[in-house]
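Biologist: I should like a close look at a single part of this protein, namely its salt bridges. Please describe the pairs in turn and state where their side chains lie.

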Amino acid sequence: MAPEPKETAAGAGADGGKSFARRDLLRSIERAVQRRWEEAEVFKADSRPAAPAPEEKFFGNFPYPYMNGSLHLGHGFSLSKLEFASAFHRLCGRNVLLPFAFHCTGMPIKASADKLAREIKQFGNPPVFPDPDARAAEEENPPVAGDGDGDQAAPDKFKSKRSKAAAKSGGDKHQWDIMKSFGLSETEISSFQDPYHWLSHFPPLAKEDLRAFGLGCDWRRSFITTDMNPFYDSFVRWQMRKLKAMGKIVKAVRYAIYSPLDGQPCADHDRATGEGVQPQDYVLIKMEVLPPFTGKMKALEGKRVFLAAATLRPETMYGQTNCWVLPEGKYGAYEVNDSEVFVLTARAALNLAYQRLSRVPEKPTCLVELSGQDLIGLPLSSPLSFNKIIYSLPMLTILTDKGTGIVTSVPSDSPDDFMALQDLKAKPALRSKYGVKDEWVLPFEVIPIIRIPEFGDKAAEKVCTDLKIRSQNDKEKLAEAKRLTYLKGFTEGTMLVGEFAGKMVQEAKPLIRSALLAGGAAVMYSEPERRVTSRSGDDCVVALTDQWYITYGEEEWRKKAETCLAAMNLFSDETRHGFEHTLSWLNQWACSRSFGLGTRIPWDEQFLVESLSDSTLYMAYYTVAHLLQNGDMYGGGGEASAVRPGQMTDEVWDFVFSGGATPESSELPAALLRQMKQEFEYWYPFDLRVSGKDLIQNHLTFCIYNHTALLPERQWPLGFRCNGHIMLNSEKMSKSTGNFKTLRQAIEEYSADATRFSLADAGDGMDDANFVTDTANAAILRLTKELTWMEEVLATEETLRRGPPLTYADRVFANEINIAVCAAKQSYRDVMFREALKTGFYDLQAARDEYRLSCGGAAMNRDLLWRFMDAQTRILAPICPHYAEHVWKEILRRDGFVVTAGWPPADAPDPTLKRANRYLQDTIALMRKLKEKQEFGAKKPKKGGGAAAAPQVEQRRLSAGLIYVNEQYDGWKEGCLRILRSKYDLASRSFAPDQEILESLKGIQLEDKTFKQLQKECMPFVKFKKDEVNSVGPQALDLRLPFGELEVLSENVDLIRRQLQLEHLEVLSFTDGTAVERAGPYRDLLLQNRPSPGSPAAIFLGGADLQPAA
C-alpha cells in the first residue's frame, strides 16, 4: 500500500510513517455493515405470485468460477459488472436476484489431485524434492567414466540439453508447492490427493471472500456442480436426456483436439494453452518413392513408401514440378498399415496414429529415422502431376510445426514454390551445397493450371515479378504475394486442365479432393491449428474419436440461436460481431469425457458430461435451488429438506422448466411443485449475464443454443455483457511474474469498497481493463476524507444558511446535482460503471468544491448540502455499498438500508445554466491570465535557448478591473453567421461546399475594409464557427448566447473579484459608449480587441487610474 499522509482517519500518525488507520476504518465499517445485511436478509430474493410487471424484477448471473484455487482480481473484475448492475436495480426498487455457484466439473481438479498423489508417492509426505542446484550442476557437468574414457558420459547418466536456469526451474511447478502457495499447511496438503476434498475446501473459501467483497447474493441458492450434489446431478442428467431425445446429441466419429496423456478430448476449459483452437483439416498427398531404394531407404525395401505432403489446395496438384523437404529437418518412415509407409515428421505421425493411420493404433512405429538431406533427390510419382517423375528438393523455409514437413511444389500458383525453384535454377552453388543434380531441377518448367483475373495463368510468376521479389527469403513480400493471389484464385480462378477443366476453382476443389481420396491417392489428415497444451501438461493432437456430440451448427437450430441473439442486448457492436462470427463456424461439440469429475452421461455411464456442456442451462437451476437444497451448496439439505434427489424425475423437471404436464405420479406435494414452477416463471428469462469476452466462442454461445432448444422463446436470455481481461498496474496479471492478486488480498490491502472503487474505475469496454493500486489507495483517502467532511458539516450545521436555494451559486450547484443524478443513472443502465463513477462521484465532488469556493465567506445552503450528501451516497451505493450504508445510518441518520433506498430524485437538468456556469468559470480563468500578463508583461526568453533567464519585470499593482461584454454579434460577424445558418442543412447536419459559402460572403457589409482585407479575419471565423457546430450543434450559429452574459457576470462580481484579487470590479456593456470611454488609455486597445458573445474583454488598472462612472 502506498504511504499515506500523517493525518489518518483516527488522527495524526504517531511516527509519521505509513498509517493504515484509514483503511482499517473502512474495513471495520464493512464488517459491521455486512452483519446488518445478514441479520436483515437484505439480499434474499423470492418470487411473487403474479407475473412481474416491466422492470419489476432483475435476474443477473455470472459464469460460476472453477474451484481449483482462490478467486482472484480477474474474477472480481467481471463479477463487479454484475454486482454493480444488480445493486443499481435493487437501489431503484426492483426485486433483484443475484445468485452464485461454484464449478467443479472437468479434469483440472482431478489432474491436480493425481499429480499431488504421484509426488507424495515418489518423494514422500511431506515430499523431499531433488535439490534444483545440485540437479542443475549435475546435468551441466555430468560425471564421466574412469581414466582413458575422455568425456564420454557414464552409460547410466543422461546428458541434459537444458540450460542451468531451465534445470533449476524444474519445468512445471510441483503441485505440492502450488498447494503451499494457497496458504495450506503441510499437514493439510495430503488431503488434496482426494479430488472431492477440493470441492469441500475451496467453495466455502470463495463464499467467504465474496461476502467480504460485499456481494449482494442470495446465498440460499448457491450450489456446486458434479455428482457430489445429487440435485444438480439430476438436473444435468435431465438436460442431457432431453437434448438426446430431441436428436441434438448424437454419437459419431469426429476429429477432436485430444490429450494423449489424459486419454480423452481436450475441450477449451481443459487446456493450459490454446483455448479456441480447432482442428485444421488437410489432404495428405501420397507421393510414392520409386525404386531402387538406396542409402537409409534401403531398409524399406518391400514396402510401398510415400512422402506424405499435407495440402489445403488439392486442385493445384496438376502443376507439381517437385516436392520440398527441409535439409536439416528430422523425419521418420512410419508404418501406416502392413504394406504402406509414410515419410513425415514425428509430430505428424503422432497425429496420424490417433486418426487410425498407424499400424499400431495411437503408437507410431518408426522403421527408419531420416534427415531432410537423406530425402533430397528421391524420384517420386505424385497423383495428378503431369510430370510422371518429380524429385524431392531442398527448401529452407519449411516449418516442421505445421503439416508434415513434406511440401508439394506448384510454382504456377504458389509464390513460395516459384521463388524457391528459381533460386535452385539460377544458383549452381546452392544446388552443389545440397547435392542437387541439374536433371532434378533444370528440365522442369511452370505448368499453367488455373487462370485468375488480373494474374493470368501463371499467377505466382506474375505477382513475384510485380512485387520485385528476389529470393525465397523475402518473407514479407512473399506473404503479400500470397495474400494477393490465394483468395482470388479460389473465388475467381478457373481450372484449365484435368477432368474438371472449365469449372470454377471453388466448384472443382471438393470434387478433386473426393476423387483423390476415393482413388487411394490421398488420405485426410488433421492437426491443431496451433499448439494446444492440456492442463496435464502434454501437447495435444487431433484424434478421430467415437463419442457423443451436441449438434451445434445444425441449420434449424442455428437459425433459432441467431433469432435469440438478434433480440438480445449485448451492449456493444464488438460483442455482437463476436457472437455472429462464432455462430458462423461453431459445429458439433464433443460433450463426453472419460476422465475428471462431473455427471455421468445417463445412457452411457462410461462417459462424463464435459465441463462446457453441464454449464449451459444452470441459470434456470438457480430459480429452484433453494427449495431443493435447503441452503446447502452440496445438496445435502439435511432432514429439513422437503425434497429427496430421487424425487426429481424427468417429469418433475419438465413440469418446472419445459411446460410439461403436472407429474401425477410424483411424491412431491402439489404446493411445492407449484412453488418451484412459480419461481422459474417469475425470474425467467434472466436479464443479464456478465462474462469475460473469451467465453463468447464457447460457453456463452452454448448457453444461447441450449436455451433455444429447451425453453420457449419468451424465456430466452435477454442480455449478455462481455468485458476484457484485467491488468494489474498496466501489466498482465501473472502468478509466475508475481504481478497477481487474489480477491482476498485486495480486500485486506485496500478494503472491499476501495477495491470495488478501483474495479469500477478500471474500464468498461471489451479492451483489457487496468486495476491501478494507486487508484485503490486514493479511494481510501477520498472516502475517509469525505466521511470527515460530512461529520464537520453536521457539526457546524447551525452556521449554514437555511431556506430554498436562491443565489446563483445555489442554483448552479443544485443543477450540477441534477446532472449527476441523471447522467449516473443512464451510465448504470448502460452498465458503464467507470462513467457512472465519473459523473456520480468525481464530477459531483468537483461541483461541491466549486460551490464552496463560490460561496466564499458567505454561508452555504444547508438543505442543498443535505441533498448533495443524500444524492452522492445513493449514487455511490452500488459501487461502495459499505461506505454508503455507514453514511446513511450513522451520519445522515436515515432508517432502513441505502441499498434499497431508491434512486435519488432530481429535476430535469438545465443545460443553459450549465453552459452559463461554464462561461463564468472560463471567463474567470481567462481574466486571471490577462491580469497576470498586464501585471508582469510578456516574459520571452532570449534567443539562443534558455541558458539565460529573462530579466525580472517589476510587478505593477492592478487593483481594479473593467469587464466588457458584447452580447450579440454585429457587423461582418453577424453577416457571416446569417450566411452560415442559411447554408446549414439540419437533416444531414452538414454545410454547403466552401466555395458556395465564399460566394455568399462577398455580399455582406464590409464596413471600411475591402473584401480581401476582410477575408483574413472572416475565413478563420467561419472555420471556427463550423468546427463549433460540429462539437455543440447549430446553436453555435446563434447571434446571442442562450443566457445573459451581463447578468451572469454581474451576479458573480464578488466571486470574480475575489478570484482575481481585485479591490474593485465592474461589468460593463461594450455597446455603451460612455462605458467604453472609462477604459481611458486602453480605449484604443479595447476597440482593436472587441468582445463578442462568449468572449468578454477586460481592462485592469491601478486604483488611482480608474475613472469614476458618469
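**Salt bridges and their surroundings**

Modeller: With a relative accessible area of 35%, Glu562 is partly exposed. This residue belongs to a predicted model, and its side chain meets that of Arg558 in a salt bridge, with an N to O distance of 3.4 Å. Arg558 is likewise partly exposed, at a relative accessible area of 23%. Both residues belong to helix α17 (residues 555-567); because they are four residues apart there, about one helical turn separates them.

A pair that links distant parts of the chain is formed by Arg220 and Asp46, whose side chains meet in a salt bridge at 3.0 Å, N to O. Arg220 is located in the loop between α8 (195-213) and α9 (230-245), while Asp46 is located in the loop between α1 (21-40) and β3 (57-61); the pair therefore ties together parts that are 174 residues apart in sequence. Arg220 has a relative accessibility of 24% and so counts as partly exposed. Asp46, at 33% relative accessibility, also counts as partly exposed.

These two residues do not stand alone: a network of salt bridges links Asp46, Asp218, Arg220, Arg221 and Glu679. As regards the record, the UniProt annotation "domain: Aminoacyl-tRNA synthetase class Ia", from an unreviewed entry, covers residues 33-115 and 198-770. Within residues 33-115, helix accounts for 42% and strand for 10%, and the end C-alpha atoms of this span lie 42 Å apart.

A further salt bridge joins the side chains of Lys838 and Asp843, at 2.9 Å from N to O. Lys838 is partly exposed, its relative accessible area being 38%. Asp843 counts as partly exposed as well, at 34% relative accessibility.

To place these pairs in a wider setting, a search of the whole structure finds 76 salt bridges. The protein is divided into domain 1 (279-528), domain 2 (774-909), domain 3 (924-937 + 955-968 + 1040-1109) and domain 4 (973-1037). Between the C-alpha centres of domain 1 and domain 3 the distance is 84 Å.

Terms used. Residues are numbered from 1 along each chain as its sequence is written. This is a predicted model: local features need pLDDT of at least 70, side-chain atom pairs count only at pLDDT 80 or more; totals for chains, interfaces and linings use all residues. Side-chain values use heavy atoms; hydrogens and water are left out. Domain bounds come from an automatic or database domain assignment. UniProt positions are given in the numbering used here, feature names are shortened, and annotations may be inferred rather than shown by experiment. Helices (H or I, at least four residues) and strands (E, at least two) are DSSP runs, numbered from the N terminus. A salt bridge is a side-chain nitrogen of Lys or Arg within 4 Å of a carboxyl oxygen of Asp or Glu. Buried means under 20% relative accessible area, exposed over 50%, partly exposed in between (1.4 Å probe, protein chains only).
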